[in-house]
Amino acid sequence: MGCSECCLKCLSGIPYASLIATILLYAGVALFCGCGHEALSGTVTILQTYFDVVRSPVDALDVFTMIDIFKYVIYGVAAAFFVYGILLMVEGFFTTGAIRDLYGDFKITTCGRCVSAWFIMLTYIFMLTWLGVTAFSSLPVFMYFNIWNTCQNTTLVESSNLCFDLRQFGIVSIGEEKRLCTASENFIKLCESNELDLTFHLFVCALAGAGAAVIAMVHYLMVLSANWAYVKDACRMQKYEDIKSKEEQELHDIHSTRSKERLNAYT
């Protein structure tokens, strides 16, 4: 019975809302970073093999350099949000402990409320950032969807020669003419290869991961705002109880002093 009570007490102290948000955040970030990294690698293969785009021999800011930069950004995002998820989870544990053990060893301080407010502001900024990432991730999905949809309907476009020009997507400069037309041999090979289908669906998964991260940030905002409000109310209640106990102690001291004075006067 004692072990069961201990287990129930431990389970009651777990911040389940923060736990769900953390799991959702890790799943979204892992999906975005993993699928995004592999989709970028597939994009390099497609550009070099089927669009005949060559990497610049000098240190110029071409599409391949931008892809390498995006990969490094993905590494940083994965590490940063792994740490941030742990920090938010720890904050949820401490806030839950502060509310449940209001009169125990853990005391609610002004510093704790400031930390909660800081996490709310930071999470709001990250939510806006992930919204931007989600919007940016939809661009390659749209581009690959056009190519993939054309490949799926090759019989409908046999009579017309449609071309995909990389210049309209900003992938190459205006002076370079890198086009892939439906009547070309490279387009047929691209449609028959696995790179296009795999890269397209990897970008879709990365977009879904970014959306999951946005939902996780919104969930965190609700949790942090509720915890901050609970901590603020608990702090006010604690101050009220401290003032009340102090007044009761003063009344008790006054009553004791008057009793002593009456006893001395009687004596």
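This report describes the largest pocket, the largest nonpolar core and the annotated transmembrane regions of a predicted model.

Residues are numbered from 1 along each chain as its sequence is written. Because the model is predicted, local features need pLDDT of at least 70 and side-chain atom pairs count only at pLDDT 80 or more, while totals for linings use all residues.

The largest pocket (an open set of points on a 1 Å grid where a 1.4 Å probe fits, with protein on both sides within 12 Å along at least five of seven lines) holds about 820 Å³ of space, a volume being the space filled by probe spheres set on the points. Its lining (residues with an atom within 4 Å of a point) comprises 28 residues, with L40, F70, F136, P140 and F203 nearest the centre. Among the helices (DSSP runs of H or I, at least four residues), α4 (110-152) contributes the most to this lining, eleven residues. By class, the lining has 23 nonpolar, five polar and no charged residues.

The largest nonpolar core (buried residues, under 20% relative accessible area with a 1.4 Å probe, joined through side-chain atoms within 4.5 Å) has 52 residues, and V53 is one of those with the most contacts inside it. α6 gives the most to this core, 13 residues. Beyond four places in sequence, V53 is in contact (heavy atoms within 4.5 Å) with residues including L47, F64 and L166.

An unreviewed UniProt entry places "transmembrane region" at three spans, including the two tabulated here; such annotations may be inferred rather than shown by experiment.

| Span | End C-alpha distance | Helix and strand |
|---|---|---|
| residues 72-94 | 34 Å | 100% helix, 0% strand |
| residues 115-136 | 31 Å | 100% helix, 0% strand |

Methods:
Heavy atoms only, no water. Helix = DSSP H or I, 4+ residues; strand = E, 2+ residues; numbered from the N terminus. Nonpolar A, V, L, I, M, F, W, Y, C, P; charged D, E, K, R; others polar. Buried < 20%, exposed > 50% of the residue type's maximum accessible area, 1.4 Å probe, protein only.
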